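Please read this briefing with the structure open beside it. The notes are grouped by topic, and each can be checked by eye.

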Amino acid sequence: MDCCICSPMASVYRLPRNTICAPCHEGAKAIIGFLNKAGEQQQEEGGHGSVLKSRVSMMKPDSATKGMKDAWEQVKEMRGREEEAHQRAAFLAQGLAMAWKEGVHTDIVVKPGAGPPIPAHKAILAARSEVFRHMLAADERCKSPAGDAISLPERTHDELALFLAFLYTGALEDDGCGGSLQVPEERQLHALLVAADKYDVPFLRRACEARLAAAVDASNVLRTLEVAELSSSAALRERAMDTVVEHAEQVVLSPEYDDFAVRNAGLCVEITRALLLAKMPTVNI
């Protein structure tokens with residue numbers, strides 16, 4: 001439902017747009033109640049002879065009413081700016097994603113460890129990653145011909161596609177410009193976090209950390225802790241350690257822990273210390 005107050009289409013006042021949403025309705029009720037209460041107080045103070053005077057004064061906005069009106073106008077302005085920001089972001093993301101998916105004027109190919117290379121744009125890579133910027137600047141100084149390639153041998157084709165899609169759109173979910181969202185799996189999020197750390201893409205790093213931290217549990221905490229160590233993610237590492245302590249018996253006695261211990265002796269030492277500290281009684285000094 002389009003609200004005639006807070007909707008971007010508020011200026012179009014025709015059926016069925018002459019309606020308001022629930023928050024605006026409650027706000028209007030609050031304002032009317034406030035004005036009625038103010039009128040009643042003025043009538044009580046001025047007696048029956050001042051009824052006309054109080055009604056006239058209610059028509060003139062006092063400081064409180066003016067303040068509420070100004071606040072409401074600020075809220076409407078903030079909503080308008082937010083909507084405009086969303087539309088701008090969508091406009092930019094959709095345009096860049098389409099240019100990448102359709103290969104419009106691409107000038108470089110990015111090679112994964114296995115699978116076909118993916119065409120891309122040097123300008124986008126350089127703008128999103130300081131590492132890519134330095135790599136491409138070095139190629140320009142060496143006068144490399146147009147259409148050169150860079151290799152990311154540690155990434156599979158699918159992982160590389162998700163990584164490039166994020167550089168173009170700023171979103172983890174890739175719709176392939178076809179409308180159906182493809183949500184990255186846990187394994188792919190791990191790969192994206194490592195890539196974000198290696199190629200210095202802070203926004204991607206924060207997005208992966210938040211997604212992985214929200215999904216960590218006893219079944220995946222060892223894998224999460226391992227990738228947090230590999231990508232130097234302090235926030236994700238702390239969240240994983242807390243989960244290990246919370247589900248200590250289930251995690252440490254699992255078959256997966258044996259293989260984890262072989263690969264990560266240092267992390268096992270930290271897990272042992274964290275478990276001991278969690279069991280120690282608190283000492284008040």
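Helix α6 is mostly covered, since 10 of its 13 residues are buried. The model is a predicted one. The chain contains 13 helices and 3 strands, and 29% of its 285 residues count as buried.

**Helix α6**

- The buried residues of α6 are Glu159, Leu160, Ala161, Leu162, Phe163, Leu164, Ala165, Phe166, Leu167 and Tyr168.
- With 13 residues at 1.5 Å a residue, α6 should span 18 Å, and its end C-alpha atoms are indeed 18 Å apart.
- Helix α6 covers residues 157-169 and lies across β1, β2 and β3. Its direction makes an angle of about 120° with β3.
- Gly170 follows α6 and has a positive phi, near 75°.

**The sheet**

- The 3 strands form an open sheet in the order β2-β1-β3, and their pairing is mixed.
- Strands β2 (118-120) and β3 (149-156) are at the edges. Each has a single partner strand, so one side of each is left without a neighbour in the sheet.
- On average, neighbouring strands of this sheet are turned by 30° against each other, direction ignored.
- Strand β1 (residues 108-114) runs parallel to β3, and 5 bridges join them.
- Two bridge pairs can be picked out between β1 and β3: Lys111 is partnered by Ser151, and Pro112 is partnered by Leu152.
- The pairing of β1 with β2 is antiparallel, over 3 bridges. In β2, Pro119 is the bridge partner of Val109.
- A hairpin is formed by β1 and β2, with 3 residues between them. In its turn, Gly115 has a positive phi of about 105°.

**The nonpolar cores**

- In soluble globular proteins, nonpolar side chains tend to be buried together.
- The largest nonpolar core in this model has 36 residues. Those that touch the most other members are Val110, Leu125, Phe132, Phe163, Leu164, Leu192 and Leu204.
- Helix α6 gives the most to this core, with 9 residues.
- Which residues does Leu204 contact, leaving aside its neighbours within four places in sequence? They are Phe163, Phe166, Leu172, Leu192 and Ala196.
- Another core, of 15 residues, lies apart from the largest one. Its members include Val216, Ala218, Val244 and Leu275.

**Helix α10**

- Helix α10 (residues 234-246) has 13 residues and reaches 18 Å from its first C-alpha to its last. This is close to the 18 Å expected at 1.5 Å a residue.
- Leu236, Ala240, Met241, Thr243 and Val244 are buried in α10.
- Viewed down the axis of α10, its buried residues fall within an arc of 160°, so they line one face of the helix.
- Ala234, Glu238 and Glu246 are exposed on the other side of α10.
- The buried residues of α10 pack against five listed helices: α7 (186-198), α8 (202-215), α9 (221-230), α11 (248-252) and α13 (265-279).

**Two single residues**

- Thr224 is in helix α9. Is Thr224 buried or exposed? Thr224 has a relative accessible area of 2%, so it counts as buried, the cut-off being under 20%.
- Leaving aside neighbours within four places in sequence, Thr224 contacts His190, Val216, Leu236 and Ala240.
- Val104 sits in the loop between α3 (63-101) and β1.
- The relative accessible area of Val104 is 36%, so this residue is partly exposed: the value lies between the cut-offs of 20% for buried and 50% for exposed.
- Not counting residues up to four places away in sequence, Val104 touches Met98, Ala99 and His121.
- Val104 and Ala120 are 16 residues apart in sequence, and their C-alpha atoms are 8.9 Å apart in space.

**Contacts across the chain**

- Of the contacts between residues at least 6 apart in sequence, 57% join residues at least 24 apart.

Terms used: Residues numbered from 1 in each chain as written. Predicted model: local features only at pLDDT ≥ 70, side-chain atom pairs only at ≥ 80, totals over all residues. Heavy atoms only, no water. Pairing = 2+ DSSP bridges. Helix = DSSP H or I, 4+ residues; strand = E, 2+ residues; numbered from the N terminus. Axes fitted to C-alpha atoms, helices over the stretch in contact; angles between N-to-C directions. Contact = heavy atoms within 4.5 Å. Core = buried A, V, L, I, M, F, W, Y, C linked by side-chain atoms within 4.5 Å. Buried < 20%, exposed > 50% of the residue type's maximum accessible area, 1.4 Å probe, protein only. Expected span 1.5 Å × (residues − 1). Arc of directions from axis to C-beta.
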